[in-house]
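Thanks for coming. I have one structure to show today, and I will go through it briefly.

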Amino acid sequence: MSIEIDWFAFVQVFAAALVGALLVVGFYAVGLRLLVRAGRAPVVAPAEFTDAITVISEKDVRRAAKAAEKAARKSPLTDGQKRLALVGAYGSFALCAVAVLAGLALIVMR
């Protein structure tokens, strides 16, 4: 009884996983960067956990939201450039979703 490994198939799977991960992370990073340039920095309220070491107060959340609004007002971009950056951000997030769905299709169709 001998076990044979198809190394070419292993390299194909490795390359597909590496390219897929780079595409998803890259599109997401570009989308997030364009979203910030468009003046729509995402501010997420922290979740409160009972056993958390550090809990962010409401004052800190308001301070972060105020800083994001101030940064949006100071943006040197025109309204048209902001709109273009926002469209680019949404397009980049859509490409990220397409990359994920393509990966799932590769798994399911095999």
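Before the rings, one definition: two aromatic rings from Phe, Tyr or Trp count as a pair if their centres lie within 6.5 Å, and for Trp the six-membered ring is used. Planes under 30 degrees apart are called stacked, planes over 60 are edge-to-face, and the rest are tilted. Please also keep in mind that what you see is a predicted model.

With that rule, searching the whole structure gives two aromatic pairs. Trp7 and Phe10 make one of them: the ring centres are 5.7 Å apart and the planes meet at 85°, so this pair is edge-to-face. Both residues sit in helix H1, which covers residues 7–37, and because they are three residues apart there, about one helical turn separates them. Is Trp7 buried or exposed? Trp7 is exposed, at a relative accessible area of 55%.

Tyr28 and Phe93 also form an aromatic pair, and this one is tilted, with 5.6 Å from centre to centre and 45° between the planes. Here the pair links distant parts of the chain: Tyr28 belongs to helix H1 and Phe93 to helix H3, residues 79–109, with their positions 65 residues apart. Tyr28 is partly exposed, at 44% relative accessible area. Phe93 is partly exposed as well, at 23% relative accessibility. The cut-off matters for Phe93, because buried means under 20%.

Now the overall layout. How many helices and strands does the protein have? There are three helices and zero strands, and from the N terminus the order of elements is α-α-α. The protein has 110 residues, and 12% of them count as buried. Its accessible surface is about 9,200 Å², with 68% of that belonging to carbon and sulfur atoms. On contacts, take those between residues at least 6 apart in sequence: 72% of them join residues at least 24 apart.

Back to Trp7, this time as part of the surface. Which residues make the nonpolar patch of about 930 Å²? The patch is made by Ile3, Ile5, Trp7, Phe10, Val11, Phe14, Leu18 and Leu22. So both rings of the edge-to-face pair, Trp7 and Phe10, are also among the residues of this patch.

Next, Ser92, which is in helix H3. At 6% relative accessibility, Ser92 is buried, because the limit for that label is under 20%. What does the side chain of Ser92 reach at 2.4 Å? It is the backbone oxygen of Phe27. If we leave aside neighbours within four places in sequence, Ser92 is in contact with Phe27, Val30 and Gly31. Phe27 therefore appears twice for Ser92, once through its backbone oxygen and once in the contact list, where contact means heavy atoms within 4.5 Å.

Last item, charges. The count of salt bridges is one. Which residue forms a salt bridge with Arg63? The partner is Asp60, and the closest N and O atoms are 3.2 Å apart. That distance qualifies because the rule asks for a side-chain nitrogen of Lys or Arg within 4 Å of a carboxyl oxygen of Asp or Glu. The side chains of Arg63 and Asp60 are also joined by a polar contact of 3.2 Å. Both residues are in helix H2, residues 58–73, and because they are three residues apart, about one helical turn lies between them. As for exposure, Arg63 is partly exposed at 48% relative accessibility, and Asp60 is partly exposed at 32%.

To recap: the predicted model has three helices and zero strands, two aromatic pairs and one salt bridge. The tilted pair links helix H1 with helix H3, and Ser92 in helix H3 is in contact with Phe27, Val30 and Gly31. I will stop there.

Key: Residues numbered from 1 in each chain as written. Predicted model: local features only at pLDDT ≥ 70, side-chain atom pairs only at ≥ 80, totals over all residues. Heavy atoms only, no water. Helix = DSSP H or I, 4+ residues; strand = E, 2+ residues; numbered from the N terminus. Buried < 20%, exposed > 50% of the residue type's maximum accessible area, 1.4 Å probe, protein only. Areas by Shrake-Rupley, 256 points an atom, 1.4 Å probe, with all protein chains shown as cover. Patch = residues over 30% accessible without salt bridge, like charges linked within 9 Å, V, L, I, M, F, W, Y side chains within 5 Å. Polar contact = N/O pair within 3.5 Å; in protein donor to acceptor, adjacent residues only side chain to side chain.
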